[in-house]
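Work through the exercises below with the sequence and the coordinates open beside you. Each task is followed by a solution that proceeds in steps.

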Amino acid sequence: MVPGQEMEDGRLYTGTLVRSDRITPNSSKEEVRNMVFRTQDLSFDGRTGQCVRVLAPGQFGNRHHARLYSISEVDDGQEHTEFTLCVRRCSYVDDFNGQEYPGIASNYLCDLRPGAAIQFVGPLGYPFTVPDDRNADILMIGMGTGIAPFRGLVREIYRRGGGWGGRVRLFHGARTGLEMLYMNDENQDFALYYDQPTFKAFQAVSPRPALDAPVALERSIADNAAEVWSMLQKPDTRVYIAGPEAMFARVEKTLAETADDADQWTAVRHALAAEGRWQSVLY
Ligand SMILES: Cc1cc2nc3c(=O)[nH]c(=O)nc-3n(C[C@H](O)[C@H](O)[C@H](O)COP(=O)(O)OP(=O)(O)OC[C@H]3O[C@@H](n4cnc5c(N)ncnc54)[C@H](O)[C@@H]3O)c2cc1C
């Protein structure tokens, strides 16, 4: 395989790691890293919310171990493009022998040092775009590392001159306070926008981490039901959802419950999907 080669699901690229910063506190057993990669191939046009398929070295005779990671930010330069991934170091416990094993791709990425090269394919999926109309409302819902694309998106929204007139609302759920990632004191990314009159972020930490991760997120949406429903009904609102697939059905049910009745929800949900105003990246 050579860089530039067209693969089944996109083009093959080489990227070089520029920096890798741990964004969870050292005291936490959760390790999540913000990783910036650079590619010299300007044909790469990945956008926030899309994914890249990282080709980690394979095991047991397999050439590659390929895993998807969503792009949280993109910086287009004249000579290269930089993009950021937010990677959680995973491990799994083997049901048979009870031993803990490291996840292959996430550990490969988290162990990389600046200057190291990776191969990746992409971009894949649909981007989270900023609407042309500055008065459009944007509803963002993320769980755990699902917060990552919203950091880039919020930056893009408020980087445009002239301010943003529509309501921008971010609901972020986490199992523990340590997972609040960009929201914690050391990484005050979203805090940069708290003085924007149109931006509000709601952080929801589950009271029962192991059992019921999305419960706090659902409650937080329910507490703001009137505003959420008024946003959902506007004909130009965008809804962006990112995070573990397991959260999706419950979040969708909670959004449905903000509606006055089931028929109205069905109509609104249908319009959002049909007009491409509802996008999700789930894993
Ligand atoms: C659309 C999409 C977007 C994603 N975006 C992100 C992102 O932005 N950030 C992020 O951190 N992750 C993201 N992911 C998840 C990511 O793709 C990987 O799945 C994750 O990093 C784990 O991969 P791994 O290679 O480290 O683990 P693997 O080695 O693939 O292991 C992962 C899981 O496989 C199972 N497993 C594998 N082998 C065994 C075995 N022998 N016995 C029992 N169970 C086993 C376990 O359940 C384990 O938890 C995304 C996934 C998708 C689909």
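The exercises that follow concern a predicted model, and they go from the whole chain to single residues.

**Exercise 1. Describe the overall make-up of the protein chain: how many helices and strands are there, and what percentage of its residues is buried?**

Step 1. The secondary structure of the protein chain amounts to 6 helices and 14 strands.
Step 2. Of its 283 residues, 37% count as buried.
Step 3. Turning to contacts with a separation of 6 or more, residues 24 or more positions apart make up 69% of them.

**Exercise 2. Locate the largest nonpolar core with respect to the domains, and find which members touch the most others.**

Step 1. This core has 56 residues, among which Val54 and Met140 touch the most other members.
Step 2. Because domain 1 (6-124) and domain 2 (138-282) both contribute residues, the core lies between them.
Step 3. Beyond its neighbours within four places in sequence, valine 54 contacts Ala66, Arg67, Tyr69, Ala105, Leu109, Ile118 and Phe120.
Step 4. As background, nonpolar side chains tend to be buried together in soluble globular proteins.

**Exercise 3. Characterise the shell around the ligand by its origin and its residue classes.**

Step 1. The ligand is surrounded by 21 residues, and the closest are Tyr92, Gly103, Ala105, Ser106 and Tyr283.
Step 2. At least two shell residues come from each of β5 (64-76), β6 (81-88) and α1 (104-111), and β5 gives the largest share, with 5 residues.
Step 3. Sorted by class, the shell contains 12 nonpolar, 6 polar and 3 charged residues.
Step 4. Domain 1 (6-124) and domain 2 (138-282) each supply at least three residues of this shell.

**Exercise 4. Check the span of helix α6 against expectation, and say how well the helix is covered.**

Step 1. Helix α6 covers residues 262-274, and at 1.5 Å a residue its 13 residues should span 18 Å.
Step 2. The C-alpha atoms at its ends are 18 Å apart, which agrees with that expectation.
Step 3. The helix is hardly covered, since the count of buried residues among its 13 residues is 1.
Step 4. After α6 comes glycine 276, which has a positive phi, near 70 degrees.

**Exercise 5. Are histidine 172, phenylalanine 60 and tyrosine 126 buried, exposed or partly exposed?**

Step 1. Histidine 172, in strand β11 (residues 168-174), has 28 C-beta neighbours inside 10 Å and therefore counts as buried, given that the cut-off is 20 or more.
Step 2. The C-alpha atom of histidine 172 is separated by 5.1 Å from that of glutamine 203, although the two are 31 residues apart along the chain.
Step 3. Phenylalanine 60 belongs to the loop between β4 (51-57) and β5, and it is exposed because 5 other C-beta atoms lie within 10 Å.
Step 4. Tyrosine 126, in the loop between β9 and β10 (138-143), is partly exposed, with 15 other C-beta atoms within 10 Å.
Step 5. Leaving out residues up to four places away in sequence, tyrosine 126 touches Gly49, Gln50 and Gln279.

**Exercise 6. Which backbone angles of phenylalanine 60 and of the peptide bond from glycine 122 to proline 123 deserve a check?**

Step 1. Most residues other than glycine have a negative phi, and most peptide bonds are trans.
Step 2. Phenylalanine 60 has a positive phi, near 50 degrees.
Step 3. The bond from glycine 122 to proline 123 is cis, with omega near -5 degrees, and proline 123 is found in strand β9 (residues 117-124).

Key:
Residues numbered from 1 in each chain as written. Predicted model: local features only at pLDDT ≥ 70, side-chain atom pairs only at ≥ 80, totals over all residues. Core = buried A, V, L, I, M, F, W, Y, C linked by C-beta atoms within 7 Å. Buried ≥ 20, exposed ≤ 12 C-beta atoms within 10 Å, placed from the backbone. Domains from an automatic or database assignment. Contact = placed C-beta atoms within 7 Å. Helix = DSSP H or I, 4+ residues; strand = E, 2+ residues; numbered from the N terminus. Expected span 1.5 Å × (residues − 1). Near = placed C-beta within 6 Å. Nonpolar A, V, L, I, M, F, W, Y, C, P; charged D, E, K, R; others polar.
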